[in-house]
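Student: Could you take me through a close look at the strands near the start of this chain, and at the contacts and features that go with them? I work at the bench, so please spell out the cut-offs as you go.

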Amino acid sequence: MPSNKSVSDAPIAQFTNCRILRGRRLQREDLWVREGKILNPEKLFFDEKGSADIQLDCKGSILAPGFIDVQINGGFGVDFSLPTDDFKSGIDLVSQKILSHGVTSFCPTLVTSPPTVYHQILPQISVRNGGAHGAGILGAHLEGPFISKEKKGAHPEHCIRTFKENAFQDLLATYGSLDRVRIVTLAPEIKGSSEVIQELTKRGICVSLGHSVANLSQAEEAVQHGATFITHLFNAMLPFHHRDPGIVGLLTSDKIPAGRRVFYGMISDGIHTNPAALRIAHRAHPKGLVLVTDAIAGMGLAPGRHTLGQQMVEIDGLNTYIAGTKTLSGSVATMDMCVRHFQEATACSVETALEAASLHPAQLLGIEDKKGTLNYDSDADFLMLSDSLHVQATYIAGEEVWRQDALGM
């Protein structure tokens, strides 16, 4: 087909015979891509008099935004909380492997660790765009060490800290640098946390509440100071109580500042949260739900012993425990598994399930103008999915980076 190249010489790709997730519903229309961005076909036809250079038949598949995992501790034998000589090759391996599970961007997550670990690892995490090399890296998620010992979960107690007198300087000294940090999980009841939340928020870092014994008023105060996320809702926090619902109460709180939305992570693996609890959260606050894997190094590997930062964990089926205990320690679920389980457990629409892994995490991080949607001019990071929400192909910047057929499956 002839095409008008007055605007750009780059080829135009047209994805046909598909249903696109756009505007909260699946729509039967084509997807147009050029130079890694999604095109507005009307502008292409009428302003440029252009047409497609390449046409790809999607054979009735769903096209949805790429998944964004904001809490992933590692996978495929790689532990993001363990300093190694080849840390970069480890993070590269994970970013490559998660393409097959539909993840196009992620936040490598470090669990509670000694300061020396943050100082060694954080300089080795590069914020970068995705591509054939793997999913994009949006910045680190530091889960701890400023958390509650009573709700430590799988975090090593000897590394947990409270803030010293100058709380924010203490945090800086602990981490070494915030240059590559996107999310910090902390317990809001710790003295000095209000100052820290305000300072992190000023720097564009998302503050998440978790591993905490905070009551509802402490959680509401943290949100008023800038916190916008809850780390793995229901896990490692006070259980819901009708007289003081704790952090869980933020889902229906009337003390959230106007125009602010509180998001919350859910590990939808069928292990960490009973389907009934998943349904309660989703029905209470559907627009805040963000699916996370909380995956550990053992994701993608056989059952047995693996690491999670400073501790050994054991995988038994889909259960992961601190070795020798029944304390849950992250998951081995992949993001596409979490999406399918969420959709099945809640009986929500396909659109809702997909947005919980794409649009909502993008909104949480303030990048919804670029990622998490298939709106015009956004990044062409998208997935080709079957009706049963199995990933058939993954695209980043409009380029195919993984395809099921390529593995002979």
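Tutor: Here is a walk through the early strands, followed by the salt bridges, the cysteines, a cavity and a few backbone details.

A word on the ground rules: this is a predicted model, in which local features need pLDDT of at least 70 and side-chain atom pairs count only at pLDDT 80 or more, while totals for chains, interfaces and linings use all residues. Residues are numbered from 1 along each chain as its sequence is written, and side-chain values use heavy atoms, with hydrogens and water left out.

Let's begin with the sheet. Helices (H or I, at least four residues) and strands (E, at least two) are DSSP runs numbered from the N terminus, and two strands pair if DSSP finds at least two bridges between them. Four strands make an open sheet with mixed pairing, in the order S5-S4-S1-S6. Strand S5 (37-38) and strand S6 (54-57) are at the edges with a single partner strand each, so one side of each has no neighbour in the sheet. Inside that order, S1 (residues 12-16) and S4 (residues 31-34) run antiparallel and are joined by 4 bridges. Phe 15 is the residue that stands opposite Leu 31 in S4. As background, strands of a sheet pair through backbone hydrogen bonds, either parallel or antiparallel.

Next comes a hairpin. Strand S2 (residues 19-22) runs antiparallel to strand S3 (residues 25-28), and 4 bridges join them. Ile 20 has Gln 27 as its bridge partner in S3. The hairpin formed by S2 and S3 has 2 residues between the strands, and Gly 23 in the turn has a positive phi of about 65°.

The turn also brings us to a salt bridge, meaning a side-chain nitrogen of Lys or Arg within 4 Å of a carboxyl oxygen of Asp or Glu. Arg 24 and Glu 355 form one through their side chains, at 3.1 Å from N to O. Arg 24 is in the loop between S2 and S3 and Glu 355 is in helix H9 (residues 350-356), so the pair links distant parts of the chain, 331 residues apart. For accessibility, buried means under 20% relative accessible area, exposed means over 50%, and partly exposed lies in between (1.4 Å probe, protein chains only). Arg 24 is partly exposed at 46%, whereas Glu 355 is buried at 6%.

The whole structure has 18 salt bridges. Another one joins the side chains of Asp 336 and Arg 340 at 3.3 Å, N to O. Because these two are 4 residues apart in helix H8 (residues 335-346), about one helical turn separates them. Asp 336 is buried, with a relative accessible area of 8%. The side chains of Asp 369 and Lys 370 also meet in a salt bridge, at 3.8 Å from N to O, and Lys 370 is partly exposed at 41%. In addition, Lys 37, Lys 371, Asp 379 and Asp 381 belong to one network of salt bridges that share partners.

Now the cysteines. With a disulfide taken as a pair of cysteine sulfur atoms within 2.5 Å, the search of the whole structure finds 0. For Cys 18, the nearest cysteine sulfur is that of Cys 58, 4.3 Å away. Cys 18 is buried, with a relative accessible area of 3%. Cys 338 is buried too, at 0%, and its sulfur is 13 Å from the closest cysteine sulfur, in Cys 348, which is too far for a bond.

Two loop residues other than glycine have a positive phi. Glu 35, in the loop between S4 and S5, has phi near 50° and is exposed at 59% relative accessibility. Phe 234 lies in the loop between strand S16 (229-230) and strand S17 (263-266); its phi is near 80°, and it is partly exposed at 27%.

One last backbone detail is a cis peptide bond from Gly 144 to Pro 145, with omega near 10°. Pro 145 is in the loop between strand S13 (140-143) and helix H4 (167-175).
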